[in-house]
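User: Could you walk me through a few features of this model? I'd like the cut-offs spelled out as we go.

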Amino acid sequence: MAQLWGGRFQKKTDEKVYEFNASIRFDKRLLHEDIEGSKAHVKMLARQDIISEEDRDQILCGLDSIEQDVGKGTLKITDEYEDVHSFVEANLTDRIGEPGKRLHTGRSRNDQVALDMRLYVRSRIEDTDALLRHLLETILHIMEENTDTIMPGFTHLQKAQPVTLAHHMGAYFEMFRRDRSRLYDIHERMNYCPLGSGALAGTTYPLDRDYTAELLGFYGPTVNSMDGVSDRDYLIEYISALSIIMMHLSRFSEEIIIWNTNEYRFIEIDDAFSTGSSIMPQKKNPDIAELVRGKTGRVYGALVQILTTMKGLPLAYNKDMQEDKEMAFDAMDTGDSCIDLFDGMLSTLKFNKDRMLDSARHGYTNATDAADYLVRKGIPFRDAHGIIGRVVLYGIENKKPIDEMTIDELRQFSDAFDEDIYDAVSMKTCVDKRLTTGAPGADAMKEEISLSKDYLNNTPALIHEKELK
């Protein structure tokens, strides 16, 4: 057992207690952040004449060698250590001797783990943002290529009015754009450094917290030391943002699944993102979309877990807060992998444009436009609504869309119908005359795509911490 404490204890920790208490199994992924934080801390200690420059240099070299050896696989992080902090400090002291014992001067594991987690979450937020940005580029490309691809728009999963594939995709562009905005807000709020908060009440050493914050790419130090060690709002916000991202991906996945059915046949999923059946040779299953939909609940679970863990904790640090990591790490990995795989699936989809148009026509999505046509002929809207309802019923019974009915057939329902009805209810006319901001008409979509391009050109991915230094 490698522990950072024990002087006041007379008995050895029970083996089961040690295993229950230890976090090395999952917090070992914080190794890089722990070493980066330690390097900043020791540079500050030397700058403040709390330790010597010679000790600083030995510690820095020792920390670098530990990270390098772990990276090469010549040094293993094993469960003989309680956590990643004890692993680093124990190995550092083994390598450089007495100077290694000075690393922890003016620092507690409480502010150390608070820093490590904040650094890690900040980096993961930046990774998620980059993945979302690439997904938005994929969506924008589909929008640009499909401004004339007419399809039915739906309400209640019933065909409602004609739109374009570009317009439909634009709705998801807006969702994921808002997701990026949330990540940016979280990044801005969390980018303050807890190092120097000590266990909860700071320290008597003359630490320069502004300097360590600057070295680590933070805007400055956290204002209150008790809050510094006990704050996990940023993690809760990030998992909440991931949950909303997953909700958007799940909605999109549901549509991919529906569009992929034999009944819809709007799309074909690339073989690389599909699977087959072990018994039914004809099957081509949308497993990636289904798994994204299913894994959404997994991320939601992590959010509920961390909220439940934090809800009853008094100030300041409590061991319960060790539970902020395991499910959160899983949620981060799950969210990022889902964005990445969904992006790959989406970028390789083939759209059956003729089938989409045919579905819009036979789904009577131009019925509202037909009613508006009668209104323009002087018929009150409520009467026009009833007339077109009967026209649609006739079309369903005779398997005819409105634009395939003859004038004689239409005049069974109203003498107001004339030859100009065919232009009025053509799918192209129905879409193009919808020109209000945000509508699917050609001019409106041109403006929407232009705004989307400007957004991507003017909002690069969040800057990674190594680029802030």
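User: Happy to start here: which residue follows α13, and what is the sign of its phi?

Analyst: Helices here are DSSP runs (H or I, at least four residues), numbered from the N terminus. This is a predicted model, where local features need pLDDT of at least 70, side-chain atom pairs count only at pLDDT 80 or more, and totals for chains, interfaces and linings use all residues. Residues are numbered from 1 along each chain as its sequence is written, and side-chain values use heavy atoms, with hydrogens and water left out. After α13 comes Y364, with a positive phi near 55°.

User: Thanks! Which residues of α13 are buried?

Analyst: Buried means under 20% relative accessible area (1.4 Å probe, protein chains only). Helix α13 spans residues 353-362, and its buried members are M356, S359, A360 and R361.

User: Which core includes Y364, and how many residues does that core have?

Analyst: A nonpolar core is a set of buried Ala, Val, Leu, Ile, Met, Phe, Trp, Tyr and Cys residues joined through side-chain atoms within 4.5 Å. The largest one has 93 residues, with M332 among those having the most contacts inside it. Helix α10 (residues 233-259) gives the largest share of that core, 15 residues. Y364 belongs to a second, separate core, together with residues including A367, Y373 and L410, and its size is 22 residues.

User: Nice. Which residues does M332 touch, leaving out those up to four places away in sequence?

Analyst: Contact means heavy atoms within 4.5 Å. With those sequence neighbours left out, M332 touches M117, Y120, V121, R124, L235, Y238, I239 and L242.

Notes. Buried < 20%, exposed > 50% of the residue type's maximum accessible area, 1.4 Å probe, protein only. Helix = DSSP H or I, 4+ residues; strand = E, 2+ residues; numbered from the N terminus.
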